[in-house]
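Please open the model in your viewer and keep a selection panel at hand. The tour below moves from one selection to the next and says what is to be found at each stop.

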Amino acid sequence: MPTEQLINELQSFGVRLVDPRAGHESRRGGAGPSDHKAMTIDGMTVMVPVHTAPAFESPYVVERPDAAGRSSIRRDGMVLGDVSFPVRPRFYDRSTADGIPYWKIAVLHGRDVLATTVLQTCIRYQSRTKTCQFCAIGQSLAAGRTIERKTPAQLAEVAAAAVELDGVKHMVMTTGTPPGRDRGAAILAESAAAVKAEVDLPIQGQCEPPDQDIWFARMRDAGVDALGMHLEVITPELRERIMPGKAQVPVTRYLAAFAAAVPVFGRGQVSSYILAGLGDAKETILATCEQLIALGVYPFVVPFVPISGTPLESHPAPSPAFMHEVLGALARMLQAGGLKATDIKAGCGKCGACSALSAYEREAMP
Ligand code: SF4
């Protein structure tokens with residue numbers, strides 16, 4: 001099976017691990033790829049669901065890895081490919097002077113990305129009527145696996161250690177949306193400035209579109225190299241239903257914000273996460289991607305993963321066939337538009353582990 005299709009299969013169905021301790025700790029809850037483990041297949045590190053309900057019944061099984069972290073993936077007893085698990089990062093063993101383990105401040109995503117949720121609370125997460133139904137930002141906080149507010153000094157300390165000890169190559173800073181009209185741009189700017197003062201590490205900031213476009217230049221000047229503003233869902237009725245709080249910022253504001261941000265960060269350095277499988281039609285996703293690419297925005301389309309404990313925990317993941325159609329067409333559109341994951345300075349599009357998109361891009365290359 002071609003690698004990109006195997007990744008689609010694994011991200012849709014998840015895998016059963018013969019040894020649940022394989023690889024380093026996986027996170028449950030939180031923002032970003034929760035309930036997943038990082039695995040490397042054919043040179044590409046991808047996040048694969050292991051703790052979701054579908055994963056427990058997945059036809060894909062990963063054998064117990066050997067001492068070097070190498071194993072194989074099987075289906076119906078047939079070996080489909082080799083897989084290896086990134087080793088536990090060394091910075092996880094350190095703590096701040098006041099006793100906070102570094103892994104509660106930032107974690108390793110994919111193979112070489114340091115990821116943090118600067119503010120682990122969100123105005124959109126206060127009530128079930130407003131919360132984004134796929135989001136688990138409060139779960140890891142409630143379980144004590146992270147801290148609510150990572151200070152700029154803590155982030156700088158952990159980033160420096162992750163570069164020195166584990167060779168991380170870029171950093172993702174996301175945030176819950178705080179009260180206030182900058183929608184998180186201010187805390188991203190102060191956090192990026194602190195990290196850049198300590199270590200030379202490319203940073204992607206991720207927030208909702210701020211109320212004023214001047215925040216784009218402020219974030220860039222503070223050290224944010226790339227920006228993510230995530231549409232997640234496109235169709236207005238679906239946005240209202242799935243993320244009623246966030247839907248108050250309409251798609252038109254996102255498009256205007258993209259148009260203002262691209263000249264600041266550069267073509268291809270602004271991106272948007274789009275969750276496939278929540279009801280948007282293939283045509284809707286691809287038409288929006290076309291619009292985004294024309295603006296110079298990299299559309300990072302990822303399969304929706306139902307996270308345990310969220311209102312959408314029983315919602316099915318998209319089928320591998322749906323992802324194949326969307327990502328195959330999108331890779332060709334990206335190539336025609338001259339945008340590449342590998343050209344992004346930092347962030348999810350560059351990491352690519354939550355989607356098979358970069359594998360499709362690799363295939364679409366002449
Ligand atoms: S694509 Fe983004 S969210 Fe997914 S593992 Fe990479 S950095 Fe984390």
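**First stop: α4 and α5**

The crossing of α4 and α5 is right-handed. The model is a predicted one, and this part of it can be brought up by selecting residues 152-166 for helix α4 and residues 185-198 for helix α5. The two axes come within 8 Å and cross at roughly 40°, an angle that makes α4 oblique to α5. To see where the helices touch, show the side chains of P152, L155, A156, A159 and A160 in α4, which meet E190, S191, A194, V195 and E198 in α5. Coloured by class, the residues of this contact divide into 7 nonpolar, 1 polar and 2 charged.

**Second stop: α9 and α10**

Next, select residues 282-295, which form helix α9, together with residues 320-337, which form α10. The axes of α9 and α10 come within 10 Å and cross at roughly 20°, and that makes α9 roughly parallel to α10. The crossing of this pair is right-handed. On the α9 side, display K282, I285, L286, C289, E290 and I293, and on the α10 side their partners F322, E325, V326, A329, L330, M333, L334 and G337. Sorted by class, the contact of α9 with α10 comprises 10 nonpolar, 1 polar and 3 charged residues.

Stay with M333 for a moment, a residue placed in helix α10. Once its neighbours within four places in sequence are set aside, M333 is in contact with L286, C289, E290 and I293, and each of these four is listed on the α9 side of the helix contact. For a sense of distance, draw a line from the C-alpha of M333 to the C-alpha of V264: the two residues are 69 apart in sequence and 23 Å apart in space.

**Third stop: α10 and α12**

Keep α10 selected and add α12, residues 357-364. The axes of α10 and α12 come within 9 Å and cross at roughly 55°; the two helices are therefore oblique to each other, and their crossing is right-handed. The contact is made by H324, L327, G328, L330, A331, L334 and Q335 of α10, with L357, Y360, E361 and A364 on the side of α12. By class, this contact has 7 nonpolar, 3 polar and 1 charged residues. L330 and L334 deserve a separate highlight, since these residues of α10 appear in the contact with α12 and also in the contact with α9.

**Last stop: the second largest pocket**

Which residues lie nearest the centre of the second largest pocket? Select M44, A341, T342, K350 and S358, which hold that place among the 31 residues of the lining. The elements that give two or more residues to this lining are β3 (44-49), α10 (320-337), α11 (348-351) and α12 (357-364), so that the two helices of the previous stop come into view again. The largest share, 5 residues, comes from α12. The volume of the pocket is about 540 Å³, and a colouring of its lining by class will show 13 nonpolar, 11 polar and 7 charged residues.

Conventions. Residues numbered from 1 in each chain as written. Predicted model: local features only at pLDDT ≥ 70, side-chain atom pairs only at ≥ 80, totals over all residues. Heavy atoms only, no water. 1 Å grid on protein atoms, 1.4 Å probe; cavity = no way out; pocket = protein on both sides within 12 Å on 5 of 7 lines; lining within 4 Å. Points joined across faces, edges and corners; volume = space filled by probe spheres on them. Nonpolar A, V, L, I, M, F, W, Y, C, P; charged D, E, K, R; others polar. Axes fitted to C-alpha atoms, helices over the stretch in contact; angles between N-to-C directions. Parallel < 35°, antiparallel > 145°, perpendicular 65-115°, else oblique. Left-handed = near helix turned anticlockwise from the far one by under 90°. Contact = heavy atoms within 4.5 Å.
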